[in-house]
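Here is a guided walk through a protein model, for anyone meeting it for the first time. Keep the picture in view and turn it as you read.

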Amino acid sequence: MIRLLFLILTLIAPPAFAHHPGERLDEVMAEKEPHFEITDTGSVPEIELFDKTGGRFDLGELDDQILILSFVTENCGAACTEQQILLAAIQDQLNISPMREMVTFITVHSEGFSGTPSWDPDNWRPATPSSDIGTAIVADDFAELSQRSGSAPMVHIIDRNTRHAGIFHGTGFKQINLILYVNGLTNAVHTLGGVYIQDSH
């Protein structure tokens, strides 16, 4: 019943969550969720990542997807563990909707990370940075996109074409708010030659 409620709420998200100048997705979410921070930068720090098979990839290869990026650094401890459990629960809710085909979760982690058992591997990619760059350094590079202070781990929301859209801080945010925000991005309206083009499921 709870999963069904999340799906209903996601699919009937109000028009204020469409992302174009007349309907202010970022601003509306910032007003609703104190743990959300708008970034809206045109690019993200360049990082070279390796998946669990040793295959190399970078975020630009996933520019047709909305990415939910998090970090598990060596000394993060319980804060990162709790955030990973929360994100896996969000993935479970999101994946009962058409968004599962448009959203990829990425966890950049240090050695020894075992993952959260409830992750769905279909759209979750655990990854490590190249051996000469630690996970903490990469996490710090992304943290510089934030204007807030504090040490809580961050969830970075990266829109299509690697636009860094915003950050959900820590674990205090409401799950439904992250889902609604991502749903708004999947229904985003972009401009092309002055004409609005709406992405569809």
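**A first tour of the model**

S130 touches E48 and F50, leaving aside residues up to four places away in sequence. We will come back to that serine after a look at the whole chain. Please keep in mind that this is a predicted model.

Let us begin with the overall make-up. The protein chain has 5 helices and 10 strands. It runs to 201 residues, of which 48% count as buried. If you take the contacts between residues at least 6 apart in sequence, 64% of them join residues at least 24 apart.

Now find the helices. Two packed helices are described by the angle between their axes and the distance between the axes. Start with helix α3, residues 78–94, and helix α5, residues 175–186, which pack at an angle of about 55° with their axes 10 Å apart. Are these two helices parallel or oblique to each other? At about 55°, α3 and α5 are oblique, because angles from 35 to 65 degrees fall outside the parallel and perpendicular classes. As α3 passes α5, the crossing is right-handed. On the α3 side, L86, L87, A89, I90, Q93 and L94 take part, and they meet Q175, L178, I179 and V182 of α5. Sorted by class, the residues of this contact are 8 nonpolar and 2 polar, with no charged ones.

Helix α5 has another partner to look at. Helix α2, residues 25–32, packs with α5 at an angle of about 175°, and the axes are 11 Å apart. Since an angle over 145 degrees counts as roughly antiparallel, that is how α2 and α5 are related. Here L25, D26, M29 and K32 in α2 meet N177, Y181, G184 and L185 in α5. The contact of α2 with α5 comprises 4 nonpolar, 2 polar and 2 charged residues.

Return to α3 and pick out Q91, which lies in this helix. Is Q91 buried or exposed? With a relative accessibility of 1%, Q91 counts as buried, because the cut-off for buried is under 20%. What does the side chain of Q91 reach? It comes to the backbone nitrogen of D120, at 2.8 Å. Apart from residues up to four places away in sequence, Q91 touches F105, S118, W119, D120, N123 and W124.

Next, follow the chain to strand β5, where I106 is found. I106 has a relative accessible area of 1% and is therefore buried. With residues up to four places away in sequence set aside, its contacts are F57, L59, L62, L67, I68, L69, S70 and R125. You can also trace a link along the chain: I106 and W124 are 18 residues apart, yet their C-alpha atoms are separated by 5.7 Å.

Just before that strand comes the loop between α3 and β5 (103–109), and M102 lies in it. M102 is buried too, at a relative accessible area of 13%. How far apart in space are M102 and Q65? They are 37 residues apart in sequence, and 5.3 Å apart from C-alpha to C-alpha.

This brings us back to S130. Where is S130 placed? You will find this serine in the loop between β6 (124–129) and α4 (135–143). S130 has a relative accessible area of 11%, so it is buried. Its contacts with E48 and F50 are the ones we met at the start.

The last stop is another loop, the one between β7 (154–158) and β8 (164–169), which holds N161. T162 is placed in the loop between β7 and β8 as well. Phi of N161 is near 65°, a positive value in a residue other than glycine. For T162, phi is near 55°, again a positive value in a residue other than glycine. Which of the words "buried" and "exposed" fits N161? N161 is exposed, because its relative accessible area is 55% and exposed means over 50%. T162, by contrast, is buried, with a relative accessible area of 18%.

How values were computed. Residues are numbered from 1 along each chain as its sequence is written. This is a predicted model: local features need pLDDT of at least 70, side-chain atom pairs count only at pLDDT 80 or more; totals for chains, interfaces and linings use all residues. Side-chain values use heavy atoms; hydrogens and water are left out. Helices (H or I, at least four residues) and strands (E, at least two) are DSSP runs, numbered from the N terminus. Buried means under 20% relative accessible area, exposed over 50%, partly exposed in between (1.4 Å probe, protein chains only). Contact means heavy atoms within 4.5 Å. Axes are lines fitted to C-alpha atoms, for helices over the stretch in contact, and angles run from 0 to 180 degrees between N-to-C directions. Angles under 35 degrees count as roughly parallel, over 145 as roughly antiparallel, 65 to 115 as roughly perpendicular and the rest as oblique. A crossing is left-handed if the near helix is turned anticlockwise from the far one by less than a right angle, and right-handed if clockwise. Ala, Val, Leu, Ile, Met, Phe, Trp, Tyr, Cys and Pro count as nonpolar, Asp, Glu, Lys and Arg as charged, and the others, Gly among them, as polar. A polar contact is a pair of N or O atoms within 3.5 Å; within protein, one must be able to donate a hydrogen and the other to accept it, and residues adjacent in sequence count only if both atoms are side-chain atoms.
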